[in-house]
Amino acid sequence: MPAPTLRTQVGIIGAGPAGLLLGQVLARAGIESVVIEAQSRAYVESRVRAGLMEHDACQQMRDAGVGERMDREGLVHHGIVLRFGGTSHRIPLTDLAGGRHVTVYGQQEVVKDLIAARLADGLPLFFDAQAHAIGAIDTARPTVGFHHDGADHVLECDIIAGADGFHGISRDAMPADMMRVFERVYPFAWLGILAEAPPVSHELVYASHDRGFALASMRSPKITRLYLQCAPDENLADWPDTRIWDELDTRLAGKLTRGPILQRGITPLRSFVAEPMRAGRLFLLGDAAHIVPPTGAKGLNLAFADVHVLSAALVAFFRTGTTSGLDSYSETALRRVWKAERFSWWMTTLLHRFDAYSPFERRMQQAELDYLTTSRAGMTTIAENYVGLPLL
Ligand code: APR
Ligand code: PHB
């Protein structure tokens, strides 16, 4: 027997940062939602990803009533270090970007806080629930078909929020003839580790080295997060612990304190944008619509910025019936998306080793780094983008 149809105002596919923050903001505005997540709670809470929050992203957490642990445990940073040609150059973010700063707080901690808040409020969130069909998006009652607990269910909503990441089903549910996709795949990947060892420095270090890029980040005073540029088809089995640490020592020009590696993985680097971000009653947000290479630390922040625009449009729609915010959602969100895409692509191009570069192109990279770190205008460009452009 088919399971009875569920009904809600906003059907949210995906319990990543985008879907969860949207559900939280809507709940506080008195709007009902149901969140459907393909994976288990343990899986989404332990998935290690980036962990750098822009100034305004932190404020979004506070405004949504979930900023308490972030404010207690997050590490506030007022600068970053760019390292090249054997020298370190500090970019004083806060001085150059109007007093704004960034906060290191792991993405899975953001996810944990949002899940805890939703469950504490008794709001519907289905784990191990795979959405497999999106229908009737051109009607006032679009539907999401999903599988859960051995049965097929249908969620009928007023609006569907496709927050199901890059590999979800929402983007494919957009009419193919209206979509345009823009993509760049980089000829390298990042090998990332989480290790039980103190961070290299109290600020993040982005290193451009002849052997490739390296990044030293952190999660706490005892846990470090480190990345190395590697080949796109790199095999983790070829990277025993000592090789990873030796390579980090070389590229970061230091003797890093070593410790047990708690997690390791390889992430391909990609820029991707799907336009538009809306078709009928289906709205895409976060990685479902766009991907950035992690060099600018923008993935989570972009997802949050989409939530800012979409939630305001939804609140207006459910309160007054106005559709103007919904109608302009895609255009408004994409303007900011493209600026973050540009910054992420630019930081990636600036700092990585491109094997195909000619000696002239390498000199251009070095000259640009030299210019950026010796000019107040250059450093300001980095700072204002890094702490985050305005949400609107
Ligand atoms: N049905 C239900 N859930 C799904 C489906 C599906 N068919 N397909 C995917 N999902 C879930 C995934 O399991 C995942 O938990 O959607 C969620 C999408 O979450 P994220 O991938 O974290 O995407 P988003 O919320 O947009 O957050 C963007 O995540 O990938 C990082 O660097 C990225 O920081 C950025 C952030
Ligand atoms: C991280 O801490 O995981 C991190 C920080 C900055 C980046 C990317 C990742 O640019």
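## Edge of an open sheet, a pocket and a ligand site

Strands β19 and β20 (residues 282-284) run antiparallel and are joined by two bridges. In this predicted model, A279 stands opposite L282 of β20. Both strands belong to an open sheet of six strands with mixed pairing, in the order β9-β3-β2-β13-β20-β19. The edges of this sheet are formed by β9 (125-126) and β19 (278-279), each of which pairs on one side only. In general, the strands of a sheet pair through backbone hydrogen bonds, in a parallel or an antiparallel manner.

**Surroundings of ligand 2**

Ligand 2 is surrounded by 13 residues, and the closest of them are Y206, S217, R219, Y227 and P294. By class, this shell comprises eight nonpolar, three polar and two charged residues. Three strands, β15, β16 (214-220) and β17 (223-230), each supply at least two residues of the shell. The largest share comes from β16, with three residues.

Oxygen atoms of ligand 2 lie at the following distances from N or O atoms of the protein.

| Residue | Part of the residue | Distance to an oxygen atom of ligand 2 |
|---|---|---|
| S217 | side-chain N or O atom | 2.6 Å |
| P294 | backbone N or O atom | 2.8 Å |
| T295 | backbone N or O atom | 3.3 Å |

Taken alone, ligand 2 exposes 280 Å², and the protein buries 100% of that area. S217 and P294 thus appear in the table and are also among the residues closest to the ligand. For S217 the contact involves the side chain, whereas for P294 it involves the backbone, and the backbone likewise provides the atom in T295.

**The second largest pocket**

The second largest pocket holds about 360 Å³ of space. Its lining consists of 20 residues, and those nearest the centre are G85, S208, H209, D210 and Q366. Which elements each supply at least two residues of this lining? They are the strands β6 (80-84) and β15 (204-208) together with the helices α7 (241-252) and α10 (359-374). Among these, α10 gives the most to the lining, with five residues. By class, the lining of the pocket has six nonpolar, eight polar and six charged residues.

Strand β15 connects the two sites described here: at least two of its residues belong to the shell around ligand 2, and at least two belong to the lining of the second largest pocket.

Technical notes: Residues numbered from 1 in each chain as written. Chains lettered and ligands numbered in written order. Predicted model: local features only at pLDDT ≥ 70, side-chain atom pairs only at ≥ 80, totals over all residues. Heavy atoms only, no water. 1 Å grid on protein atoms, 1.4 Å probe; cavity = no way out; pocket = protein on both sides within 12 Å on 5 of 7 lines; lining within 4 Å. Points joined across faces, edges and corners; volume = space filled by probe spheres on them. Helix = DSSP H or I, 4+ residues; strand = E, 2+ residues; numbered from the N terminus. Nonpolar A, V, L, I, M, F, W, Y, C, P; charged D, E, K, R; others polar. Near = heavy atom within 4 Å. Polar contact = N/O pair within 3.5 Å; in protein donor to acceptor, adjacent residues only side chain to side chain. Areas by Shrake-Rupley, 256 points an atom, 1.4 Å probe, with all protein chains shown as cover. Pairing = 2+ DSSP bridges.
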